[in-house]
Amino acid sequence: MAGREDPFPVFSWLYGLGGLTLVVAPCLSWRNVELLGLSVSLPGLLWHGAWIGLAGFLLAVFRRRCWLLKMSAWLAAALLTAREVRTVLTEGDRPFLQLQLKLSSINEGLGSLGIAPLELYRRTSEGWASLGSGARLALAALAAIALALAAELVLRLARGQTLSLALLGLHACPQCGGRVTSLMHFCPTCRCQLSSGPLCSRCGQPLRRSDRFCSACSEPVL
Ligand SMILES: [Zn+2]
Ligand SMILES: [Zn+2]
């Protein structure tokens, strides 16, 4: 029965792991370029990756809220990641390209003397292969979160929740079918008990096994 605890703890670690990875990912390299013969990794923070970390943090905050909120936060993180990846792929080498262009007159002179031009920078690989570990990690994190979202929705539907209830993070009361949340201990429609643990005999506050007095009304626990 729905209690204070997360009704779907199986997927909690997937959300947590995904959100944490999204925060870490921008700090890692998002692009590998070759500069003067050395492979240089460009940190993700250069590409506004902090926004993706913020989206991951919001996802973690909304972990226990409704599915629709989690879906929206995930969508925002996915769109930001897509934008970052696109920026890295299309504009990532712009500063290096400009550096290279500054050498063009020197290279012209060298060329007239029959000497090979100075190549400051060249791509080590093209397209997706040039993405650094940060971008790959962010995409993997989004995949994990998407998997958890889909699995949670399927499980909610399999447990008899309607799509609208599942999207809003609500459950149906097992007795009257009224709308209840996982934080409620009693159904506000029919008064039936929703949490499975022991309750205070005076005020109905849920008790822990070790409690000697109720934390809400100080009633001794029998
Ligand atoms: Zn009810
Ligand atoms: Zn009490």
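Select Val-33 and Val-40: in this predicted model, Val-33 stands opposite Val-40 of strand 2. Next, pick Arg-31, whose bridge partner in strand 2 is Leu-42.

Now widen the selection to residues 29-35, which form strand 1. Strand 1 and strand 2 run antiparallel and are joined by six bridges. Move to the hairpin of these two strands, where two residues lie between them. Select Leu-36 there; its phi is positive, near 50 degrees.

Add strand 3, residues 121-122, to the view. What is the order of the strands in the sheet? The order is 2-1-3, in an open sheet of three strands with antiparallel pairing. Strand 2 (38-43) and strand 3 are the edge strands, each pairing on one side only.

Leave the sheet and select two helices: helix 1, residues 12-24, and helix 6, residues 133-158. Two packed helices are described by the angle between their axes and the distance between the axes. Here the angle is about 155 degrees and the axes are 8 Å apart. An angle over 145 degrees counts as roughly antiparallel, and helix 1 and helix 6 are therefore roughly antiparallel to each other. The crossing of helix 1 past helix 6 is left-handed.

To see the contact, show side chains. On helix 1, select Leu-14, Tyr-15, Leu-17, Gly-18, Thr-21 and Leu-22. They meet residues of helix 6, including Leu-137, Ala-141, Ile-145 and Ala-148. How many residues of this contact are nonpolar, polar and charged? Eleven are nonpolar, two are polar and none is charged.

Definitions and conventions: Residues numbered from 1 in each chain as written. Chains lettered and ligands numbered in written order. Predicted model: local features only at pLDDT ≥ 70, side-chain atom pairs only at ≥ 80, totals over all residues. Axes fitted to C-alpha atoms, helices over the stretch in contact; angles between N-to-C directions. Helix = DSSP H or I, 4+ residues; strand = E, 2+ residues; numbered from the N terminus. Parallel < 35°, antiparallel > 145°, perpendicular 65-115°, else oblique. Left-handed = near helix turned anticlockwise from the far one by under 90°. Contact = placed C-beta atoms within 7 Å. Nonpolar A, V, L, I, M, F, W, Y, C, P; charged D, E, K, R; others polar. Pairing = 2+ DSSP bridges.
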